[in-house]
Amino acid sequence: MYDSYGYKRISLPSFEEYDLYNENKDFIDRNVLTVMSPNGKLLALRPDITLSVAKKISKDQSLKYSKIYYQENTYNLTKYVGYDENEQLGIELIGKESTFLDFEIVDLAIKSLDIINEKSMITLSHARFISSIFDNLNLEYEIKEEIFDCINKKNSHDIRKILENNKFISENVKQLIYKIPELSGDLEDIEKELLKYEVNDDIKKILLELKQLNNLLFKFHKKSKIVFDFSIVKNLNYYNGIILQGYIEGFPNVILTGGRYDKLFEKFGVDTGAVGFAILTDSLKGYYKDEDKNDFEILIAYDNSNFEKLVEFVNDFQDKGLRVRTENIENFKENDSEIFNYNEKYLFKNGNLIKK
């Protein structure tokens with residue numbers, strides 16, 4: 001699908017110089033797995049794909065790489081297993097913030113989710129909504145992070161406990177912050193709720209941008225596909241615009257995540273921006289296993305009597321769209337069938353196929 005929109009598939013190195021991640025600690029939140037190269041350079045197995053993309057784009061600032069997609073793995077250290085390897089399928093659209101570029105990414109995100117399961121939903125937010133409220137507040141970093149955690153968990157009660165005795169924040173701003181965990185649903189309803197407070201000009205601008213995006217999305221997608229949730233707080237050192245998360249029915253966790261991350265290119269000294277998303281394909285392995293409990297539909301235990309006839313039977317089943325596994329009778333024990341899930345078992349003996 002991404003090819004049909006002019007996106008170019010790229011490959012990325014599994015190893016990067018460790019300095020890439022050490023110099024961009026603000027952008028990654030996982031432990032890095034390091035190795036020493038034969039020439040003495042400290043390398044890291046890639047813990048994050050976007051940094052590798054930004055590095056590549058920064059070196060080759062041409063339209064050739066302004067729309068790219070990838071299917072790559074990330075690696076990070078874990079406490080018990082040692083390290084984790086996770087596959088992602090993602091796309092990146094390079095360009096400064098605009099309604100159309102954000103629309104293209106959200107549109108592709110919705111279509112990607114629909115391919116996995118038509119009963120899907122995208123949730124949208126905006127990083128600057130949170131930063132416009134908190135940037136000028138006289139709060140320590142740790143306190144802000146604690147409040148952000150409460151917002152993500154929709155925990156208004158604990159936010160009140162943190163802020164109720166703070167004399168440096170106006171009552172209007174406090175009430176607005178208490179309300180953030182509840183700001184989800186239809187964008188018009190959220191706007192009505194926000195305008196009950198004295199919101200700053202930046203928030204008004206964000207609402208206008210999101211309404212323009214929302215109106216365009218509704219021209220091509222059902223309203224039930226799109227939900228806004230301003231309680232989504234992601235790395236504000238990384239994201240500076242739209243944020244998106246994707247869900248499908250029957251799967252409780254986020255399977256698609258992304259947003260606009262112009263700040264990353266500033267770190268590379270490049271005057272551009274980018275927006276994109278990644279589908280956490282490794283997370284879907286259990287989902288597809290549940291969806292299709294069969295390893296295959298047909299199991300054939302065969303003798304060596306007539307291979308030509310056996311192939312004809314296998315082809316007939318496959319022409320009907322069925323998956324077929326063949327096993328030689330000499331190597332096949334009766335209890336081996338318990339290893340597999342299938343619909344029907346056949347015995348091919350003396351050139352004849354017999355259903356068991």
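Biologist: Which residues of α3 meet which residues of α9 in this predicted model?

Modeller: On the α3 side they are Thr 99, Asp 102, Phe 103, Val 106, Asp 107 and Ile 110; on the α9 side they are Gln 212, Leu 213, Leu 216 and Leu 217. The residues of this contact comprise 6 nonpolar, 2 polar and 2 charged.

Biologist: What makes Thr 99 and Gln 212 polar, and Asp 102 and Asp 107 charged?

Modeller: Asp belongs to the charged class, whereas Thr and Gln are in neither the nonpolar nor the charged list and therefore count as polar.

Biologist: Why is α3 called oblique to α9?

Modeller: Helix α3 (residues 99-116) and helix α9 (residues 201-218) pack at an angle of about 45 degrees, and their axes lie 10 Å apart. Angles under 35 degrees count as roughly parallel and 65 to 115 as roughly perpendicular, so an angle of about 45 degrees makes α3 oblique to α9.

Biologist: What is the handedness of the crossing of α3 and α9?

Modeller: The crossing is right-handed.

Biologist: How do you know that β2 and β4 pair?

Modeller: Pairing requires at least two bridges, and 3 bridges join β2 to β4 (residues 42-45); therefore the two strands pair. They run antiparallel, and Glu 16 has Ala 44 in β4 as its bridge partner.

Biologist: What makes β2 and β3 edge strands?

Modeller: The open sheet has 3 strands in the order β2-β4-β3, with antiparallel pairing. Strands β2 (15-17) and β3 (33-36) each pair on one side only, and are the edge strands. From one strand to the next, the twist averages 40 degrees.

Definitions and conventions. Residues are numbered from 1 along each chain as its sequence is written. This is a predicted model: local features need pLDDT of at least 70, side-chain atom pairs count only at pLDDT 80 or more; totals for chains, interfaces and linings use all residues. Side-chain values use heavy atoms; hydrogens and water are left out. Axes are lines fitted to C-alpha atoms, for helices over the stretch in contact, and angles run from 0 to 180 degrees between N-to-C directions. Helices (H or I, at least four residues) and strands (E, at least two) are DSSP runs, numbered from the N terminus. Angles under 35 degrees count as roughly parallel, over 145 as roughly antiparallel, 65 to 115 as roughly perpendicular and the rest as oblique. A crossing is left-handed if the near helix is turned anticlockwise from the far one by less than a right angle, and right-handed if clockwise. Contact means heavy atoms within 4.5 Å.
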